[in-house]
Structure formats: structure tokens, C-alpha cells
Amino acid sequence: MEKIPVFAPAIGVDTLKHVTDALHVGWLGMGAITKEFEDLIAAYLGLQGRYVVATNTGTSAFHLSLRAAGVGPGDEVITPSFNYVADHQAIRMCGAEPVLCDVRYDNLGIDVEKAQALIGPRTKAIDPLHFAGIPCDMDGVYELAAKHGLRVLEDATHAFGTRYKGRKLGSFGDVTWFSFDPVKIVTSVDGGCVVTGSEEELHRIQRMRLLGVDKDTTERYKNRRAWDYDVVSEGYRYHLTNIMASIGVSQLKRVDEFINSRQRVCRTYSHAFRSIDGLCVPASDFTDVSPFIYSLRVLDGRREALIGHMQARNIDVGIHFLPVHEHTAFRACRRGDLSVTQKVAGEVLTLPLHSNMKPEFIERVIEGVTSFFHR
Ligand SMILES: *Cc1c(COP(=O)(O)O)cnc(C)c1O
């Protein structure tokens with residue numbers, strides 16, 4: 001039987017066409033297609049008075065967000081331990097330290113009350129994750145940040161296209177950053193972007209994206225370079241090339257189709273698993289949710305047995321996440337009570353979810369899970 005992977009890219013002839021066209025432009029680096037990708041993202045998210053900077057990864061988008069917010073040596077940034085380690089590493093890249101916060105049992109987003117208890121004199125920002133595409137407690141996060149003068153740098157890598165109270169994530173708030181890495185719903189093979197509401201911050205992020213050079217962005221957006229320039233700040237090599245952007249553009253044109261098809265699979269899964277005693281399905285009907293992964297919880301210590309059962313049927317499953325406070329490099333991080341993280345880290349299981357997933361794959365995943373519990 002064919003193996004069912006956890007992730008599968010949705011790449012069609014449309015993408016091939018965009019890439020060959022881009023290769024024929026004669027300008028491989030950051031250029032007009034990068035700008036086109038940014039403009040399409042802004043239009044898709046419904047941005048008004050907010051700006052997009054495309055980057056070569058989501059991690060670099062976050063690093064630039066942190067530096068633009070002034071996060072530096074000795075500062076602290078509060079983020080869940082139940083998150084991908086890219087976030088914690090980017091915080092460390094600034095010379096700052098991640099402070100590890102617990103999550104809520106219902107949506108696996110940051111626990112705002114516990115975050116409040118972690119705020120100290122060196123806390124600069126909070127980095128909440130919208131886990132699996134489901135929005136975190138946004139009102140709570142922004143209230144807390146306003147009360148303590150913190151920047152909010154939202155990790156929306158799982159939630160491109162998710163709406164909160166009718167508005168897409170990124171179209172409001174402080175800073176929101178996304179990833180277009182190989183497994184995300186919209187991919188540019190590797191890529192990411194920052195969305196900010198400050199024009200001044202936009203320009204600083206654009207400069208830091210390309211080695212701190214002052215005139216580069218506007219010229220390169222015309223597939224040109226300036227030969228007289230100044231270097232005005234710290235800088236990195238974090239730009240997105242025309243070629244990668246062309247893949248992103250092709251994907252973005254199909255994003256609604258991708259999201260709708262994934263929502264249907266998630267609803268089918270939840271419908272099939274909701275009545276199983278040993279499982280806890282996501283607390284969402286997926287309306288307004290752009291589902292990056294379908295993560296459910298396996299109770300009563302039976303996760304490892306279920307994983308074996310699925311693997312025997314040639315169905316791959318994943319675990320999002322191994323908690324970061326248990327990794328060697330982050331064991332010493334300041335943290336609060338992590339009891340929910342500890343509990344859910346032993347329960348979470350990610351089932352295969354693809355855009356336009358094959359019906360026989362969906363059936364096999366459902367049969368795999370239900371046969372484990374109903375034998
Ligand atoms: C994908 C992802 C990132 C990093 O994005 P890259 O583009 O892979 O650098 C960060 N955090 C979370 C939770 C992610 O899923």
C-alpha cells in the first residue's frame with residue numbers, strides 16, 4: 001500500500017509555468033517578482049496601512065521582527081515552550097533569551113495569565129503562536145501587551161489565511177510573521193514574510209533584509225541594482241529571490257482552494273473521531289481557520305501504540321511539538337509552570353493533511369485510527 005506522508009506539497013503545472021517564466025526574466029535574485037509576491041500577500045490578507053516584507057525563511061522574518069522591535073542582548077521574549085524551536089533560536093540570535101510559557105489546554109495557544117506572571121524588567125516582547133492555524137487568545141495577548149508596554153510579534157506560520165473576528169491575521173495588531181517553507185500551506189520552497197503597521201519599521205526591516213544597504217529595495221524591485229549606495233545599519237542576507245517568489249505567487253493564486261479542501265478534511269476527521277473516548281479532537285469547527293496540521297490528542301498513554309498501529313498501515317504521523325524546555329540547549333531557560341505543556345506533549349498526534357488530499361488517503365487515515373480503538 002502506498003505510504004501516506006504527513007505533509008505533501010501541492011505543486012502543479014501552474015507552478016512549473018511560473019518558475020520557467022521567472023527563469024527567463026534574466027534576473028534571478030530579489031526583484032520584481034518578489035515585489036509581486038508581497039503585493040499579492042497584502043491583497044490577500046486585506047492589508048490597509050500595513051506592509052509586507054518577504055524573506056528567505058520564516059525564521060529570518062522573525063529575527064528581523066525582533067531586531068526591528070529593538071530586542072537585543074539581555075532582553076527577554078516570552079513564547080510558549082510548546083512551539084517550534086525556530087522561534088527560540090531566533091530570539092537567541094539577537095542575544096536575548098526566550099522565557100518559556102505554558103499553553104491553554106483548549107486551543108494550545110499561549111496562556112495569558114501565566115504569561116503575565118513571567119513579565120519582568122527585561123521583557124521586551126511576546127511571541128504567541130496560532131497553533132495548527134487556530135487563533136490564540138488574541139484579546140488577552142493584546143490587553144496584556146498594552147498593560148505592560150510589550151511588543152507583540154505573532155507567529156502566524158501555521159495560520160496564513162486564518163480569520164479572527166472576521167479579519168485575517170496580519171491585517172491588524174502589531175507585527176505578524178509567516179512562513180512559506182516546504183510544508184506550509186503556501187510554499188515558496190523556503191520563504192517567509194513580516195507584516196508591520198509602521199512605515200518606518202517597514203523601511204528598517206527592508207534594509208536589514210539585505211545587508212543594511214540603503215537603496216537596494218526600490219532598485220531591485222525593478223530588477224536593477226544601485227551602484228552608489230550607503231550601508232546604514234546592521235544587515236543580513238535574508239531576501240527572497242525572484243525564482244522562489246514565483247513559486248509563492250503560483251501558490252497564492254490557489255490558496256483558497258487549498259484552505260477549503262483542508263477544512264473539509266479536518267471536518268471529516270473530527271466527525272469520525274469525536275465520539276471515540278480515548279481521543280480529544282481540536283476545539284474548532286474550522287470555520288475561518290486555515291488548517292496547517294490536524295493535531296488531536298491521544299489520551300490514556302496510548303499514543304505510542306497508536307503510532308505503531310498507523311505505521312503498520314504505512315501511514316506516517318507526526319508530533320508537534322517536542323517541548324523546547326526539554327531540549328539540551330534550552331533546558332536552562334527561565335520558565336513558569338509548564339504543566340499543561342508537559343501533559344499535552346505526551347498526547348499530541350499530527351495526522352496526514354494535504355491540500356486536495358486524495359479521498360482514499362482520507363479513508364485510510366480514518367480506518368487506521370478507528371480500527372485501533374474499535375478492536
Ligand atoms: C514553520 C515554522 C517556523 C519557521 O519557519 P521557517 O520558514 O521554516 O523558517 C517557526 N515556527 C513555527 C511554529 C513553524 O511551524
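Here is a short chat about a predicted model, its ligand and some of its strands.

Colleague: Let's start with the ligand. Which pocket does the ligand sit in?

Modeller: Remember that we're looking at a predicted model. More than half of a molecule's atoms must lie within 2 Å of a pocket's grid points for it to count as sitting there. The ligand sits in the largest pocket.

Colleague: Which elements give two or more residues to the shell around the ligand?

Modeller: The shell belongs to a ligand that sits in the largest pocket. Two helices and a strand make the list: α3 (58-68), α4 (85-93) and β8 (175-179).

Colleague: And what sort of residues are they? How many in the shell are nonpolar, polar and charged?

Modeller: There are 16 residues around the ligand. They divide into 4 nonpolar, 8 polar and 4 charged.

Colleague: Which residues come nearest to the ligand?

Modeller: To be in the running, a residue needs a heavy atom within 4 Å of the ligand. From the 16 residues around the ligand, the nearest are G58, T59, S179, D181 and K184.

Colleague: How far is a polar side-chain atom of T59 from an oxygen atom of the ligand?

Modeller: A polar contact is a pair of N or O atoms within 3.5 Å, so that's the cut-off to keep in mind. S179 has a polar side-chain atom 2.7 Å from a ligand oxygen, and for K184 a side-chain N or O atom is 3.0 Å from one. For T59, the distance is 2.6 Å.

Colleague: How much of the ligand's accessible area does the protein cover?

Modeller: On its own, the ligand has 380 Å² of accessible area. The part covered by the protein is 92%.

Colleague: Now the strands. Which strands does β4 join through bridges?

Modeller: Strand β4 (residues 123-126) runs parallel to β2 (residues 76-80), with 3 bridges between them, and V77 stands opposite A125 in β4. Another 2 bridges link β4 to β5 (residues 151-155), again parallel, with I126 partnered by V152 in β5. That makes the partners β2 and β5.

Colleague: There's also an open sheet of 3 strands. Which are its edge strands?

Modeller: The strand order in this open sheet is β10-β11-β12, with antiparallel pairing. β10 and β11 (residues 294-298) are held over 2 bridges, and C280 stands opposite R297 in β11. An edge strand pairs on one side only, and here those are β10 (279-280) and β12 (348-351).

Conventions:
Residues numbered from 1 in each chain as written. Predicted model: local features only at pLDDT ≥ 70, side-chain atom pairs only at ≥ 80, totals over all residues. Heavy atoms only, no water. Polar contact = N/O pair within 3.5 Å; in protein donor to acceptor, adjacent residues only side chain to side chain. Areas by Shrake-Rupley, 256 points an atom, 1.4 Å probe, with all protein chains shown as cover. 1 Å grid on protein atoms, 1.4 Å probe; cavity = no way out; pocket = protein on both sides within 12 Å on 5 of 7 lines; lining within 4 Å. Helix = DSSP H or I, 4+ residues; strand = E, 2+ residues; numbered from the N terminus. Nonpolar A, V, L, I, M, F, W, Y, C, P; charged D, E, K, R; others polar. Pairing = 2+ DSSP bridges.
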